[in-house]
Amino acid sequence: MTIYVDGNQSNTRGKATNIEYAGKEFWVGHGDHGIEKVWAYPWDGALDEVRISSVARDACWVGTEYKNQDTPGTFLSEGAEESPPQGFKYRKPFTFKYVERGSACGAEVYPTYDLSNFPVLISETDYSLKPVAYGGHIEHTVNVGGFDIPSDLVFMASGGITPLDHEIEYYSASTGTLVAWVRIPKLFDGNVNTTIYMNYGYPEITTDLSNPTGVWNTANGWAGVWHLRENAGSSNCLKDSTSNGNNGTPYSDTTITNLYTSSGHIDGADAFDGTDDYIQVASADPLNLGSNFTIESWAKRGAIDATH
């Protein structure tokens, strides 16, 4: 087992057998069974962007993820608003900088490593992303899963024609703040910068064009993705963005509760008290991953003692 902290390899740990699965549940923030609470050492602090992959992500992938998510404004450069050749009224280019790849990628990403189907984070506040009624260029919003997001906003590959799968995690109409994930078919292809376009402003588009399950496609190794953005405390309220739909329920001991905190690294997060808070997902079956897997999250520790 290889352990990474802030995108860099921190340590390794050996394990003689696979992680035990039979008859188990899957919990975030605590042991996976009531009887195992006595040794599980519950998490004290906040967790954000919990993800599980059915593949072992390599050091180049992990390091590039960290740099993108830690400082998304540095990872990319944004061009000026321009008029696309057809359809939408406006677009902006985003260029992901090859120089910002993970340090473990070395002088060249390819052919040693592979950043195919890489979900990049785009996080920005821009007046032009406000609705027209607020002085911006977004024509329509639509409610998806309890959140209002722009319907006439898409991301296009470098040629400006091919749409890219995207998920909008957060949108504020009043400020023009957008937090989105976009699946890049081959990030840094040719060991150079990658440019995509964000197109917006299309009065005739009134339906949701986002595709979260395309961004977090299980065929690309994603077994579960929880943004933990939901300010809610109900059964299965914490949505899994993969097609597994393995939604989570927040608990304090045996009572369903709301663990949400606004102080997440990317949008919101869930805060655990270090005693009996945890998230239980609907089914452990899609998370029976065998010997190759990756578990990752943004984590902020609370109290620290000898057992943490």
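**Figure A. Leu178 and its surroundings in the predicted model.** Away from its neighbours within four places in sequence, Leu178 is in contact (heavy atoms within 4.5 Å) with Ile122, Ser123, Glu124, Leu129 and Leu153. Phe155, Ile168, Tyr170, Tyr171 and Met198 are in contact with Leu178 as well. In this predicted model, local features need pLDDT of at least 70 and side-chain atom pairs count only at pLDDT 80 or more, while totals for chains, interfaces and linings use all residues. Residues are numbered from 1 along each chain as its sequence is written, and side-chain values use heavy atoms, leaving out hydrogens and water.

**Figure B. Two separate nonpolar cores.** A nonpolar core is a set of buried Ala, Val, Leu, Ile, Met, Phe, Trp, Tyr and Cys residues joined through side-chain atoms within 4.5 Å; buried means under 20% relative accessible area, exposed over 50%, and partly exposed in between (1.4 Å probe, protein chains only). The largest core counts 41 residues, and Phe96, Leu115, Phe155, Leu178, Leu187 and Ile196 have the most contacts inside it. At least two of its residues come from each of α2 (59-70), β6, β7 (116-125), β10 (153-156), β12 (166-172), β13 (177-186), β14 and β15 (222-226). With six residues, β13 gives the largest share of this core. Val50, Ala223, Leu238 and Leu259 belong instead to a second, separate core of 15 residues.

**Figure C. An open antiparallel sheet of five strands.** The order across the sheet is β5-β6-β14-β10-β11. Helices (H or I, at least four residues) and strands (E, at least two) are DSSP runs numbered from the N terminus, and two strands pair if DSSP finds at least two bridges between them. The edges are held by β5 (76-78) and β11 (163-164); each has a single partner strand, so one side of each lacks a neighbour in the sheet. Further in, β6 (residues 90-96) and β14 (residues 194-200) run antiparallel and are joined by seven bridges. To get your bearings here, look for Arg91, which stands opposite Asn199 in β14.

**Figure D. β19 with its partners β4 and β18.** Strand β4 (residues 44-53) runs antiparallel to β19 (residues 269-273), with four bridges between them. Ala46 has Ala271 of β19 as its bridge partner. β18 (residues 260-261) also runs antiparallel to β19, and two bridges join this pair; here Thr261 is matched with Ala269. In the loop between β18 and β19 you will find Ser263, which counts as exposed because its relative accessibility is 53%. Ser263 and Ala46 are 217 residues apart along the chain, yet their C-alpha atoms are separated by 8.5 Å. Asp267 is found in the loop between β18 and β19 too, and its phi is positive, near 65°, in a residue other than glycine.

**Figure E. The β8 and β9 hairpin.** Four bridges pair β8 (residues 141-144) with β9 in the antiparallel sense, and Thr141 stands opposite Pro150 in β9. Two residues lie between the strands of this hairpin, where Gly145 takes a positive phi near 65°.

**Figure F. Two loops with backbone details to look for.** Most residues other than glycine have a negative phi, and most peptide bonds are trans. The peptide bond from Tyr110 to Pro111, however, is cis, with omega near 10°; Pro111 sits in the loop between β6 and β7. Phe188, in the loop between β13 and β14, has a positive phi near 60°. Its relative accessibility is 0%, so Phe188 counts as buried.
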